Amino acid sequence: MPLFDQIRASLPALPSFLDDPPPAYAFEISAGGVAHAVRPAKRGQPPEIGFRPFESEVLAISPVNDNVLHADAFAAHVAALLRLNGRRRDAAVILPDYCARVAILDFDSFSGNKEEQLSLVRFRMKKTVPFDLDTAAVSYHARKAANGHTEAVVVAAARDIVTRYEAPFRAAGFNPGLVTTSTLAALDLLPASGLAILTKLAGPVLTVALCDGRDPKLVRCVELADMNLDEVMAVLYPTVAFAEDTLGRRPDRIVACGFGGGAPIGMDVQSLANACVADLSLETELLRSTWGPAHAHDAGLLGWFSAQEGGH
């Protein structure tokens, strides 16, 4: 399989999910470490998710700069996760949100020719990403919208960044044939219907995804300068306004992930819930999987396994 065949969004209708058996191994990378799991042999069994923390600053998540500060340490951590007996294995690798860019594009018409589609997607994305799109890895998933237009979920990342993330897995005997981002993979943990705002905090990075069921309508990923609740609300206000103006509906709920242990004072889930009720008149609930609550370092991994179970 060519290097970085596609960055694939974790969407139910994605063709590769139907055409190819899903990888048995999955990994989620975050600034703090690597979460890992093996797909259970029987459906319905809970995945055994492990987490190997970095003891020092191994990664620095960025959409433009090299994310791997200490390649040897990163490779050593990956090599220590799972032992393979000689045979190479396919794996899903879930990247940090902030190293890529996600956009939802609307097209009046969208040619059936894949090369023309990709060219059009790249043209529309070119002025919205902070890296050279001509050499970037770009993937998209197109679907028909209610208004008859075509809606495309697009993921783009600097190819060098993705290559550096994939390298230690390849060296350890894995073939990262499916690569996605944490929030996109976590969308399968959302309710199947209703308009919700997934609000995920991972270190200083806030990702907000407005979703109709599990279909993203808007995705924003920002680095918080001061790590306080005012910054979070400053992202949520325009997201709610976008839903009202563009979709003609108010969101039903805020779904929170990462607002808990280890979060700064005032950034806990109760503080977020209080602010959302007071300022947005929206209730907040925790992002959960069939097997328990999702955390910033494993939400994508749990979403990935939920997709293999057919949702929840």
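The buried residues of helix α4 pack against β1, α2 (71-79), β4, β7 (150-157) and β8. The model is predicted, and this helix is a good place to start reading it. Which residues of α4 are buried? They are Ile161, Val162, Tyr165, Glu166, Pro168 and Phe169. The helix itself covers residues 159-171. From its first C-alpha to its last, α4 reaches 18 Å, close to the 18 Å expected for its 13 residues at 1.5 Å a residue. Still, α4 has a kink of about 30 degrees at Tyr165. The proline Pro168 follows shortly after that kink. Beyond the helix comes Gly173, with a positive phi near 100 degrees.

Now look at what α4 lies across. The helix crosses β1 (25-30), β4 and β8, and runs at about 145 degrees to β8. These three strands belong to an open sheet of five strands. Its order is β3-β2-β1-β4-β8, and its pairing is mixed. Which strands sit at the edges? They are β3 (50-53) and β8 (174-181), and each of them pairs on one side only. On average, neighbouring strands of this sheet are turned by 25 degrees against each other, direction ignored. In general, strands of a sheet pair through backbone hydrogen bonds, either parallel or antiparallel. Take β4 (residues 89-95) and β8 as an example: they run parallel, joined by six bridges. One pair to find is Arg89 with its bridge partner Phe174 in β8.

Go back to Tyr165, the residue at the kink. Beyond its neighbours up to four places away in sequence, Tyr165 touches Ile29, Leu59, Ile61, Asn67, Phe74, Leu95, Pro96 and Cys99. Tyr165 also belongs to the largest nonpolar core, which has 63 residues. Tyr165 is among those with the most contacts inside this core, along with Phe27, Leu59, Phe74, Met125 and Leu287. Strand β7 gives the core its largest share, six residues. A second, separate core has 24 residues, including Leu210, Val235, Cys276 and Leu280. In soluble globular proteins, nonpolar side chains tend to be buried together.

Leu210 leads us to another set of strands. It lies in β10 (residues 205-212). Seven of the eight residues of β10 are buried, so this strand is largely enclosed by the rest of the structure. What does β10 pair with? One partner is β9 (residues 195-202), in the antiparallel sense over eight bridges. The other is β11, again antiparallel and over eight bridges. Cys211 of β10 shows both pairings. Ala196 has Cys211 as its bridge partner, and Cys211 in turn has Pro216 in β11.

Both pairs form hairpins. Between β9 and β10 there are two residues, and Gly203 in the turn has a positive phi of about 65 degrees. The hairpin of β10 and β11 also has two residues between its strands, and here Gly213 takes a positive phi near 65 degrees.

End with Lys217, found in β11 (residues 215-223). Is Lys217 buried or exposed? Its relative accessible area is 19%, and buried means under 20%, so Lys217 counts as buried. What is around it? Leaving aside neighbours within four places in sequence, Lys217 is in contact with Ile104, Arg143, Glu151, Leu210, Cys211, Asp212, Phe242 and Leu247. Among these contacts are Leu210, a residue of the second core, and Cys211, the bridge partner of Ala196.

How values were computed: Residues numbered from 1 in each chain as written. Predicted model: local features only at pLDDT ≥ 70, side-chain atom pairs only at ≥ 80, totals over all residues. Heavy atoms only, no water. Pairing = 2+ DSSP bridges. Helix = DSSP H or I, 4+ residues; strand = E, 2+ residues; numbered from the N terminus. Axes fitted to C-alpha atoms, helices over the stretch in contact; angles between N-to-C directions. Contact = heavy atoms within 4.5 Å. Expected span 1.5 Å × (residues − 1). Bend = angle between axes of the 7 residues up to and from the residue. Buried < 20%, exposed > 50% of the residue type's maximum accessible area, 1.4 Å probe, protein only. Core = buried A, V, L, I, M, F, W, Y, C linked by side-chain atoms within 4.5 Å.
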